Amino acid sequence: MSYDPSNIFAKILRGEIPCKKVYEDDFALAFNDIHPQAPTHILVIPKGPYTTYDDFIASADDAEIAGFQRALAKTINDANVVADGYRLISNNGVNAHQEVPHYHVHILAGRPLGVLVEKA
Ligand code: AMP
């Protein structure tokens, strides 16, 4: 899939629509999900134009990949979710029901999060 610069997270990165920012640095932006599925539900996105995890790893340079991972870890630590546990989810492509075609990681925490996936 080629990158669509009109996707909603690209608009957030360009400041065209607002977000509830949690953290930002040169490599990543973290903000609260607009439809939270848990008491803590934060999205972390790289600043570059990547559609999916595989696209990010194939196309980003090492500094971007490391910077994104550091930003994700900082966001987790700052959210105070480590002691009770948290789940990271990244939906990639059609079968995963990816809605927004800009690579992102969900941080979910604050309650028991149930089974990993629905039964088929
Ligand atoms: P995914 O299915 O992994 O692509 O999830 C996309 C997520 O983006 C969903 O959890 C949405 O609630 C969230 N979302 C969509 N638009 C916004 C927005 N403007 N601000 C914050 N979160 C959003």
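The overall fold of the protein chain is described below, followed by the surroundings of the ligand.

The model is predicted. Three helices and five strands make up the secondary structure of the protein chain. Read from the N terminus, these elements follow the order α-β-β-β-α-α-β-β. The radius of gyration is 14 Å, close to the 14 Å expected from the globule rule for 120 residues, so the protein chain is as compact as a globular protein of that length. Along the principal axes, the C-alpha atoms occupy a box of roughly 35 × 35 × 30 Å.

The ligand takes up the space of the largest pocket. Two elements each give two or more residues to the shell around the ligand: helix H1, spanning 8-13, and strand S2, spanning 28-32. H1 supplies the largest share of this shell, with three residues.

In total, 16 residues surround the ligand. The closest are Asp33, Asn91, Glu99, His104 and His106. By residue class, the shell comprises seven nonpolar, seven polar and two charged residues.

Oxygen atoms of the ligand are approached by polar atoms from both side chains and backbone. Aspartate 33 places a polar side-chain atom 2.5 Å from a ligand oxygen. For asparagine 91, a polar side-chain atom lies 2.9 Å from an oxygen atom of the ligand. Histidine 97 takes part through its backbone: one of its polar backbone atoms is 3.0 Å from a ligand oxygen. On its own, the ligand has 510 Å² of accessible area, and the protein covers 87% of that area.

Taken together, the ligand occupies the largest pocket of a chain with three helices and five strands. Its shell of 16 residues draws three of them from H1. Asp33 and Asn91, both among the closest residues, each bring a polar side-chain atom to a ligand oxygen, at 2.5 Å for Asp33 and at 2.9 Å for Asn91.

Notes: Residues are numbered from 1 along each chain as its sequence is written. This is a predicted model: local features need pLDDT of at least 70, side-chain atom pairs count only at pLDDT 80 or more; totals for chains, interfaces and linings use all residues. Side-chain values use heavy atoms; hydrogens and water are left out. A residue is near a molecule or strand if one of its heavy atoms lies within 4 Å of it. A polar contact is a pair of N or O atoms within 3.5 Å; within protein, one must be able to donate a hydrogen and the other to accept it, and residues adjacent in sequence count only if both atoms are side-chain atoms. Accessible areas come from the Shrake-Rupley method with a 1.4 Å probe; for residues, only the protein chains shown count as cover. On a 1 Å grid over the protein atoms alone, a cavity is a set of points where a 1.4 Å probe fits but cannot get out, and a pocket is an open set with protein on both sides within 12 Å along at least five of seven lines; lining residues have an atom within 4 Å of a point. A molecule sits in a cavity or pocket if more than half of its atoms lie within 2 Å of its grid points. Helices (H or I, at least four residues) and strands (E, at least two) are DSSP runs, numbered from the N terminus. Ala, Val, Leu, Ile, Met, Phe, Trp, Tyr, Cys and Pro count as nonpolar, Asp, Glu, Lys and Arg as charged, and the others, Gly among them, as polar. The radius of gyration is taken over C-alpha atoms; the globule rule is 2.2 Å times the number of residues to the power 0.38.
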